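Biologist: I should like to learn how to read the features of a structure that is new to me. May we go through them in turn?

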Amino acid sequence: MPCGKTHDRITFIVLPIVVLIAYLIFNSFYLIHILSISYLFSALMFNGDLDTNSKSYNRWFVFKMIWIPYQLMFSHRSVFTHGILIGTTIRIIYIGMIPFLYFYYNHDINILTDIISTKDLMVVFIGLELGNISHSFPDWLT
């Protein structure tokens, strides 16, 4: 299994490829930025290694405590943490419960749909999934 430094190197080596493909597909600097930031966030801080005491887990600093229930729910390298689509989806649902509950209990649930467009959400998800794949693929190879 690659170490944290290797995962980080892979992330930054793959970033220009992600940006180039995003440019060819979207031809929009706004969407390229959204995709790139989502990719970097996912590969560095929102990957399948949040279920262990890893570099990505420790990058959450004082907020890393929110990942303790996640660590208790899933075993490392399971399909639920390192799986394509399912790993990212589970982490989005898990972390998304925090703002959802906040807005729900403050009766401001409509503010979420007013701020974020569907296209932006799709690009964010693609970036998060690309980050997950760039992290998980080297793990699968070893």
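**Reading the model feature by feature**

Modeller: Let us begin with one residue: Lys55 is partly exposed, with a relative accessible area of 38%. The model is predicted, and the values below are computed from it.

Biologist: With which residue does Lys55 form a salt bridge?

Modeller: Side chains of opposite charge can pair when their charged atoms come close. Here Lys55 pairs with Asp8, and the closest N and O atoms are 3.1 Å apart. This salt bridge links distant parts of the chain, since Lys55 belongs to helix H3 and Asp8 to helix H1, 47 residues apart.

Biologist: Is Asp8 buried or exposed?

Modeller: Asp8 is buried, because its relative accessible area is 12%, and the limit for buried is under 20%. Asp8 also forms a salt bridge with Arg59, where the closest N and O atoms are 2.5 Å apart. Arg59 lies in the loop between H3 and helix H4, so this pair ties together parts that are 51 residues apart in sequence. Arg59 itself is partly exposed, at 22%. Asp8, Lys55 and Arg59 are thus linked in a network of salt bridges.

Biologist: Which residues make up the largest nonpolar core?

Modeller: In soluble globular proteins, nonpolar side chains tend to be buried together. In this model the largest nonpolar core has 11 residues, among them Phe46, Trp60, Trp67, Tyr70 and Leu128. Helix H6 (residues 86-105) supplies the largest share, 3 residues. A second, separate core has 9 residues, including Leu15, Ile34, Leu35 and Val123.

Biologist: What covers the buried residues of H2?

Modeller: The cover includes helices H1, H3 and H8. Among the buried residues of H2 are Ile34, Leu35, Tyr39 and Ala43. As for length, the 17 residues of H2 should span 24 Å at 1.5 Å a residue, and the end C-alpha atoms are 23 Å apart, which agrees.

Biologist: Which residues does Ser134 touch?

Modeller: Not counting residues up to four places away in sequence, Ser134 touches Ile10, Thr11, Tyr39 and Ala43. Ser134 is found in helix H8 and is buried, with a relative accessible area of 9%. A polar atom of the Ser134 side chain lies 3.1 Å from the backbone oxygen of Gly131.

Biologist: Where is confidence lowest in the protein?

Modeller: Where pLDDT is low, the predicted coordinates should not be read in detail. Confidence is lowest in helix H7 (residues 110-115), at a mean of 66, and highest in helix H2, at 96. The protein averages a pLDDT of 90, and 94% of the residues score at least 70.

How values were computed:
Residues are numbered from 1 along each chain as its sequence is written. This is a predicted model: local features need pLDDT of at least 70, side-chain atom pairs count only at pLDDT 80 or more; totals for chains, interfaces and linings use all residues. Side-chain values use heavy atoms; hydrogens and water are left out. A nonpolar core is a set of buried Ala, Val, Leu, Ile, Met, Phe, Trp, Tyr and Cys residues joined through side-chain atoms within 4.5 Å. Buried means under 20% relative accessible area, exposed over 50%, partly exposed in between (1.4 Å probe, protein chains only). Helices (H or I, at least four residues) and strands (E, at least two) are DSSP runs, numbered from the N terminus. pLDDT is the predictor's confidence in each residue, from 0 to 100. A polar contact is a pair of N or O atoms within 3.5 Å; within protein, one must be able to donate a hydrogen and the other to accept it, and residues adjacent in sequence count only if both atoms are side-chain atoms. Contact means heavy atoms within 4.5 Å. The expected span of a helix is 1.5 Å times one less than its number of residues. A salt bridge is a side-chain nitrogen of Lys or Arg within 4 Å of a carboxyl oxygen of Asp or Glu.
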